[in-house]
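Okay, thanks for squeezing me in. I'll put the model up and then talk you through a couple of spots I've been looking at.

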Amino acid sequence: MMFEAWLQLRGEAPPERTVRTPAEGPSLALTHNLGGGPGECVSFVSVVGNQLTD
Amino acid sequence: MSSHGIRDRVAIVGMGCTTFGEHWTRSADDLLIDAVGEAVTSAGITLDDIDAFWLGTQASGVSGLTLSRPLHLQYKPVTRLENMCATGSEALRNACYAVASGAYDVAMAVGVEKLKDSGMSGLSGTTMPGAGDDSRGEITAPANFSLLAPAYAAKYGLSEEELKDVITRIAWKNHVNGARNPRAQFRKEVPLERIRSAPIVAGMLGVFDCSGVSDGSAAAIVVRAEDAYKYTDKPIFVKALSFVAGPADGLLDPEYDFTTFPEVVASAQEAYRQAGITDPRAEIALAEVHDCFTPTELVLMEDLGFSERGQAWKDVTSGAFDLDGSLPVNPGTGDSRPSVTPSARRACA
């Protein structure tokens, strides 16, 4: 989850797991969790990035 | 009335994370010490530099003492919280708000779960809130989430065989990713046919369509954005934090649509508003999403706006969400395999 976003956006994921998108374009990652199940749940979404917005 | 968000006001400057799995010889204390130790080291600070702590744990401890005791914290504010499988996320959200408010300079969010030796299968010590009138039927998590699959197939004209191929590919993709993550619970690629022919757990869900229950811990250090480069040359800035609780009346509604989570749609739209995102498929580089069961990930692709309604199955099949796809989903995949209910990966941020 967030730790994976941390690794990927900092370029610290192992080469065999590095996604190519941060280097090529957008530098935003999304994390999501839901608790509960269909019909009765809570949901969390975060967006993090490796640069401040201009 | 509106939420205002804290875009670019706080940053994560250190993180730690244990491996996830069956840690029979390690206690929750051990896992916390390891994750917190790695986090403070990565930020170049000590525990004394942290002003306040938020501990998320669903079933592995109560009160702030769960953290203060193993870390030998000396009279620091420590809050323990729980919000089902969003527990770790909730800890991070609260730590970020505390720093953004100006109340603290440095905060830590930490999560831990130690489930495997609890003496029971799945999550322990938790019950879903009910209305007190027995209106909530008893149903296992796999059975509950299995309802998504036939609903999706029926709504979008797929046969059950076709949908089985789609969810099989999600499980296959997540095992490919997990095999490349030394912290993942399951680190083997699994052939498509083996996934497809695995014993059924509930409905269309086979063993490999269900995530694992695991032990683990993760920690994050949060500071004000303007201070971030004092700690690291590669901070991660928080653009949006969105959380909603639904009315929990869906299972009482005979017309309830099992092809979407309205709570996810609402929280995603709010997060995109806070972050200024108008085209999530194009603007987001990677996503780590709740992958308790494979149909969940399928439906989430549409609820999060990564796929048009009724099209996520095509994007899954085409490889759009693969590690080398246009939008990698769950590249870390610390779990995404068998068993039931949430793993520590989610409870730990």
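I'll start with the interface between the two chains and finish with one glutamine.

Just so we're clear, this is a predicted model. On the interface, 80 residues of chain B are in contact with 45 residues of chain A. Together the two chains bury about 5300 Å², and 66% of that is on carbon and sulfur atoms.

Now, the polar side of things. We get 27 residue pairs in polar contact across the interface, counting pairs with both residues at pLDDT 80 or more. As for salt bridges, the rule finds 1 between chain B and chain A. That's B:Lys234 with A:Glu12, and the closest N and O atoms there are 3.1 Å apart.

So which strand gives the largest share of chain B's side of the interface? It's strand β8 of chain B, residues 236-245, with 10 residues. By class, that whole chain B side has 46 nonpolar, 18 polar and 16 charged residues.

Stay on β8 for a second. Strand β2 of chain A, residues 40-49, pairs with β8 of chain B in the antiparallel sense, over 8 bridges. If you want a spot to click on, A:Gly49 stands opposite B:Phe237.

Last bit: B:Gln274, over in helix α8 of chain B, which covers residues 262-275. Is this one buried or exposed? B:Gln274 counts as buried, because its relative accessibility is 8%, and the cut-off is under 20%. Leaving out neighbours within four places in sequence, B:Gln274 is in contact with B:Ser3, B:Gly5, B:Arg7, B:Lys239, B:Ala240 and B:Leu241.

Conventions: Residues numbered from 1 in each chain as written. Chains lettered and ligands numbered in written order. Predicted model: local features only at pLDDT ≥ 70, side-chain atom pairs only at ≥ 80, totals over all residues. Heavy atoms only, no water. Helix = DSSP H or I, 4+ residues; strand = E, 2+ residues; numbered from the N terminus. Buried < 20%, exposed > 50% of the residue type's maximum accessible area, 1.4 Å probe, protein only. Contact = heavy atoms within 4.5 Å. Buried area = accessible area lost by both parts, 1.4 Å probe. Salt bridge = Lys/Arg side-chain N within 4 Å of Asp/Glu carboxyl O. Polar contact = N/O pair within 3.5 Å; in protein donor to acceptor, adjacent residues only side chain to side chain. Nonpolar A, V, L, I, M, F, W, Y, C, P; charged D, E, K, R; others polar. Pairing = 2+ DSSP bridges.
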